[in-house]
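Dear colleague,

I am handing over the structure we spoke about, and I would be glad if you could look through it at your own pace. My notes on what was found follow directly below it.

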Amino acid sequence: MPTFEIFGYGFIQRALIAGTLIGLLCALLGLFLVLRRFSLIGDGLAHFTFGSVALVLLCGVSAHWVTYAAIPLVLVGALGILKLTSSARIHGDTAIGIVSALGIALGVILSSLSGGYNVDLFSYLFGNILIITRNDVLLTAALAIVVIAVVALRGRAFFAVAFDEDLARTSGINTGRANIILVLLTALTVVLAMKLVGIMLVSALLILPPVAALQLGRGFLPTLLLAAACGILSVLSGILASFALNLPTGGTIIVASFLLFVVAALAGRWRMRR
Amino acid sequence: MPMILLQAEQLHIAYGSTDILRDISFQVQTGDYLGIVGPNGSGKSTLIRAMLGLVPVTSGTVRLLGQPLSLFNDWQKIGYLPQRLSFANPHFPATVEEIVRLGFIDKNGPKRRIDNREAKQLEEILSRMGIIDLRQQLIGHLSGGQQQRALLARALVGRPALLLLDEPTTALDPETREDFYDIVKELNRELGTAIILITHDTWNIGQYAKRFVYLDKTVIFDGTFAEFCASAEMTSFFGEHSNKTIYHHHGDHC
């Protein structure tokens, strides 16, 4: 198939547009999560999303509406994770581990009740760009506008919270509200990203591009822009490579972002030695 | 006339049935330099954190610049240097200048843009702290002493009326520690910034602080360092040969 012919397919166009936006969203939010040491929250949210999708499918919701039906459940789960991680009695990563395991366990039970693993559930677990709809693209674009606006207006406050929460509080920042906004936006991103990379891999997209950017970034804004570039590049190269090599898209995107991280880490080391 | 910047009244903090602090009352005015010492677990850090609203108070009140803590929002007037920072990532993508600029605060937190007067203040504080050449370095790439100077610059750049320092010299070598105390003393003397400094470094703080509080879950002693040296509380804190030890360190100070 001629190289440019693939761009004529509607599903490729939708995947590329939604993928670019999701790469951007994951990178922007992921940078704050990584710096805030909330990286595992993406994993916990993804696993909770699995349980939510299994529940939605069990309720007989049509494939077109699964994403939208899962959103409120995942948002509630996100607030629960945040509450647990801030609990003095349970350490943050332990709390996320509990929620992750519970999400997977509920997903397994609910999917068995609905007649076992079916094609729909597998599409959400490992991603399937064929099921990205026009509405998904529009919803992702709307979320991207919200996230870009929040980062532009409140990014400095998020940055201060990531640096030190106590210092941020004594700078008049409502750190609790900043954490809630960050985690809710991440939850929405995770739900919208599941068709692209799959529930099992979405947390990697929240971590790898920001960590790649951190190897090279000097200063807050340059690192944020670098993370966005890494996120978009990972997704676009992953989608195109998966199409050219006939590989699963979700896995290929994550391998692409890992390779980008390796290149960034090597470049970072080289620069340090100079 | 000196203004009361901080006022704690009948402060009581307990975790469950365990008292962390009890019956704490004191105030700090413009130009004060208050050193707080006490044994490990005496509640020093909890006290400073309670005064900033970082830990819940069981009973009692704290007022900053005359306002109850729950209503206070003029954080530009308060500088804080915590004992430990949560950031530990050497790749944290912030330059020294970006960290110091976080000290310019308005009602929404750190300012996005600073005006000419603030830009001048930024230059002055970077210069005063001796870190002007490091302004484009990543904070995680600096030595402990340089990081501490950068964080002190962040606390001071907005010209606070009150500076709270929680064991700021723990990670510093003796020479850097002396420099640090000199800088704080200068700020107090030249700008009139009121200082509350928590430390284990009793000998040094005795040289610098105008007022001395010995804390052990409650205020055991509140007075000058000379008064403290002559007090029974000092013997209980440092042992029976403490007078000789202090004299050895400070000569005429005690």
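In this predicted model, B:Ile205 counts as buried because 22 other C-beta atoms lie within 10 Å, where 20 or more are needed for that label. The residue belongs to helix H6 of chain B, which covers residues 202-208. Once its neighbours within four places in sequence are left aside, B:Ile205 is in contact with B:Gly35, B:Val37, B:Leu197 and B:Thr199. You may also wish to look at B:Tyr181, which stands 24 residues away from B:Ile205 along the chain and whose C-alpha atom is separated from that of B:Ile205 by 8.2 Å.

As for chain B as a whole, it has 9 helices and 12 strands, and buried residues make up 43% of its 254 residues. Of the contacts in chain B with a separation of 6 or more, 67% are between residues 24 or more positions apart.

Turning to the two chains together, the contact between chain A and chain B takes 21 residues from chain A and 23 residues from chain B. On the side of chain B that touches chain A, strand E6 (78-81) and strand E8 (109-110) each supply at least two residues, and by class that side has 15 nonpolar, 5 polar and 3 charged residues.

The largest nonpolar core holds 166 residues, and those touching the most other members are A:Leu28, A:Leu29, A:Ala193, A:Val202, A:Leu205 and B:Ala153. Helix H1 of chain A, residues 10-35, gives the most to this core, with 16 residues. To take one of the core residues named above, A:Ala193 touches A:Ile22, A:Cys26, A:Val202 and A:Leu205, when residues up to four places away in sequence are not counted.

Lastly, there is a helix pair in chain A that I would ask you to view. Helix H2 (residues 39-58) and helix H3 (residues 66-85) of chain A pack with their axes 8 Å apart, at an angle of about 135°, and H2(A) and H3(A) are therefore oblique to each other. Their crossing is right-handed. Among the residues that meet here are A:Phe48, A:Ser52 and A:Leu55 in H2(A), and A:Leu73, A:Gly77 and A:Ile81 in H3(A). By class, this contact of H2(A) with H3(A) has 14 nonpolar and 4 polar residues, and no charged residues.

With kind regards

Notes: Residues numbered from 1 in each chain as written. Chains lettered and ligands numbered in written order. Predicted model: local features only at pLDDT ≥ 70, side-chain atom pairs only at ≥ 80, totals over all residues. Helix = DSSP H or I, 4+ residues; strand = E, 2+ residues; numbered from the N terminus. Buried ≥ 20, exposed ≤ 12 C-beta atoms within 10 Å, placed from the backbone. Contact = placed C-beta atoms within 7 Å. Core = buried A, V, L, I, M, F, W, Y, C linked by C-beta atoms within 7 Å. Nonpolar A, V, L, I, M, F, W, Y, C, P; charged D, E, K, R; others polar. Axes fitted to C-alpha atoms, helices over the stretch in contact; angles between N-to-C directions. Parallel < 35°, antiparallel > 145°, perpendicular 65-115°, else oblique. Left-handed = near helix turned anticlockwise from the far one by under 90°.
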